[in-house]
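Here is a short briefing for a reader meeting this structure for the first time. Take a look at it before reading on.

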Amino acid sequence: MANKHTHRQKTSPAAKVIEQVRFIGALAKSPKTVGAVAPTSRKTAELMASNITRPTKLPVLELGPGTGAITDAILHHGVAEKNLFAVEYDPRFCRQLRARLPQAHVIEGNAFELDEALGEHCDQKFDCVISGLPLLNFDRAMRQQFLEGALKRLPLGRPLVQFSYGTRPPIEINDPDILVEKSRWVLRNLPPSRVWTYRYSAPH
Ligand SMILES: C[S@@+](CC[C@H](N)C(=O)[O-])C[C@H]1O[C@@H](n2cnc3c(N)ncnc32)[C@H](O)[C@@H]1O
């Protein structure tokens, strides 16, 4: 559990300001893909990471890590850097994450095309998939494709974890075998958010 303390200490007030500046810079350049006005709050990130149990000891897959707000919570939860795979679209965020977390698998790629992004690791199973993507900026068909791409990499019962600012589920479900759960609203987030989980409750 050495990670617990290491990754907490890295979020100093100065580092927080740098993170905000980088985030806002990326938002100005790509509003649709960044899709948020500020990095995810620690409260939301911790709530998302609390879904990690790793009974299988499988790695964790993070999608859209950005400046690493949720990444820090994942590592703080006891996941070793080498057991973290992160797929991020923006090359600058990838460079920053690789510099900070040299043992993690930081992959520059498209989270909607996971087979291609994961490449030689495309058959890898994960304990859970944790997504910081601005899903509501993408159409329904893409969100459906995203859900399928994530769930097929998870053992039965393990979740895709997604935060969302909306009142409606970020992904609409027609399949009765997929269990959808939502958290309470996290008010300490800009804007307030909720954490949704999607998992298969029966073999498919
Ligand atoms: C709302 S920001 C969240 C950043 C960070 N996870 C957080 O919670 O503060 C969305 C992130 O997803 C990335 N992103 C957007 N579309 C993506 C895609 N198709 N594949 C991978 N990453 C993507 C953006 O570059 C950005 O870093």
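Which helices and strands each supply at least two residues of the shell around the ligand? They are helix 3 (31-34), helix 5 (69-76) and strand 2 (84-88). Keep in mind that this is a predicted model. The points below start at the ligand, then move to the sheet, helix 5 and the core.

**Around the ligand**
- The ligand has 24 residues around it.
- Pro39, Thr40, Gly64, Gly66 and Gly132 come nearest.
- By type, the shell divides into 14 nonpolar, eight polar and two charged residues.

**The sheet**
- Seven strands form an open sheet, with mixed pairing. Their order is 3-2-1-4-5-7-6.
- Strand 3 (105-108) and strand 6 are the edge strands, and each pairs on one side only.
- On average, neighbouring strands of this sheet are turned by 20 degrees against each other, direction ignored.
- Strand 4 (residues 128-131) pairs with strand 5 in the parallel sense, over three bridges. Here Val129 stands opposite Leu160 of strand 5.

**Strand 7 and its two partners**
- Strand 7 covers residues 194-200. Five of its seven residues are buried, so the strand is mostly covered.
- Strand 5 (residues 160-164) pairs with strand 7 in the antiparallel sense, over five bridges. Leu160 has Tyr198 of strand 7 as its bridge partner.
- Strand 6 (residues 178-182) also runs antiparallel to strand 7, joined by five bridges. Leu179 has Arg199 of strand 7 as its bridge partner.

**Helix 5**
- Helix 5 packs on the sheet, where it touches strand 1 (60-63), strand 2 and strand 4. The direction of helix 5 makes about 165 degrees with that of strand 1.
- Eight of the eight residues in helix 5 are buried. Among them are Asp72 and His76, as well as Ile70 and Leu75.
- Just after helix 5, Gly78 takes a positive phi of about 105 degrees.

**The nonpolar core**
- In soluble globular proteins, nonpolar side chains tend to be buried together.
- The largest nonpolar core here has 44 residues. Met48, Val60, Ile74, Leu84, Val129 and Ile130 touch the most other members.
- Helix 5 gives the most to this core, with five residues.
- What does Val60 contact, leaving aside its neighbours within four places in sequence? Its contacts include Ile52, Ile74, Val79, Leu84, Phe126 and Ile130. Asn83, Asp127 and Cys128 are also in contact with Val60.

Note on methods. Residues numbered from 1 in each chain as written. Predicted model: local features only at pLDDT ≥ 70, side-chain atom pairs only at ≥ 80, totals over all residues. Near = placed C-beta within 6 Å. Helix = DSSP H or I, 4+ residues; strand = E, 2+ residues; numbered from the N terminus. Nonpolar A, V, L, I, M, F, W, Y, C, P; charged D, E, K, R; others polar. Buried ≥ 20, exposed ≤ 12 C-beta atoms within 10 Å, placed from the backbone. Pairing = 2+ DSSP bridges. Core = buried A, V, L, I, M, F, W, Y, C linked by C-beta atoms within 7 Å. Contact = placed C-beta atoms within 7 Å. Axes fitted to C-alpha atoms, helices over the stretch in contact; angles between N-to-C directions.
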